[in-house]
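Visitor: Mind walking me through this one? I'd like to ask a few things as we look.

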Amino acid sequence: QVQLVESGGGLVQAGGSLRLSCAASGRTLSTYVMGWFRQAPGKEREFIARISWAGGSTYYRDSVKGRFTVSRDNAKNTVYLRMNSLKLDDTAVYYCAARIKDGTVWADWGQGTQVTVSS
């Protein structure tokens, strides 16, 4: 099991930026893939991006490509989500999650952090 704690959410104007952090602890993280998800009011939780601890390969949903960047700091066991050019539609609770590298189930989740984009 991996313990995850997000931070960095807040209120930002449209066009602004935020960086979310996800501190991880627990099992050997190199065998995990870390993901970012979000859930807006009245909507289902959706995948945003993922990064592998070992090789750092990344993948993004189309709507955030070019605006969001996922990265990791292996020494700090922390994953980041840098969000630029924020839009009103980016308002949501953002979660980080972990799954085993060759698995399909995101088994471990953080508590979430609220991001609110205002006009």
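Guide: Sure, here come some questions and answers on the fold, two residues and a pocket.

Guide: This is a predicted model, where local features need pLDDT of at least 70, side-chain atom pairs count only at pLDDT 80 or more, and totals for chains, interfaces and linings use all residues. Residues are numbered from 1 along each chain as its sequence is written, and side-chain values use heavy atoms, with hydrogens and water left out.

Visitor: How many helices and strands are there in the protein?

Guide: Both kinds are DSSP runs numbered from the N terminus: helices are H or I with at least four residues, strands are E with at least two. From the N terminus on, the elements run β-β-β-β-β-β-β-β-β-β-β. That makes 0 helices and 11 strands.

Visitor: What is the radius of gyration of the protein?

Guide: It's taken over C-alpha atoms, and the globule rule to hold it against is 2.2 Å times the number of residues to the power 0.38. For 119 residues that rule gives 14 Å, and the protein comes close, so it is as compact as a globular protein of that length, with a radius of gyration of 13 Å.

Visitor: Is Ile 48 buried or exposed?

Guide: Ile 48 sits in strand E5, residues 46–52. It touches several residues beyond four places away in sequence, including Trp 36, Tyr 59, Phe 68 and Leu 81, where contact means heavy atoms within 4.5 Å. Buried means under 20% relative accessible area, exposed over 50%, and partly exposed in between (1.4 Å probe, protein chains only). At a relative accessible area of 0%, Ile 48 is buried.

Visitor: And which strand holds Ser 21?

Guide: Ser 21 counts as buried too, at 15% relative accessibility. Its contacts outside four places in sequence include Val 5, Trp 36 and Tyr 80. Its place is in strand E3.

Visitor: How many charged residues are in the lining of the largest pocket?

Guide: A pocket is an open set of points on a 1 Å grid over the protein atoms alone, where a 1.4 Å probe fits and protein lies on both sides within 12 Å along at least five of seven lines; lining residues have an atom within 4 Å of a point. The largest has a volume of about 210 Å³, and of its 14 lining residues the closest to its centre are Arg 38, Ala 40, Lys 43, Glu 46 and Asp 89. Asp, Glu, Lys and Arg count as charged. Besides 3 nonpolar and 3 polar residues, the lining's charged count is 8.

Notes: Grid points are joined across faces, edges and corners, and a volume is the space filled by probe spheres set on the points.
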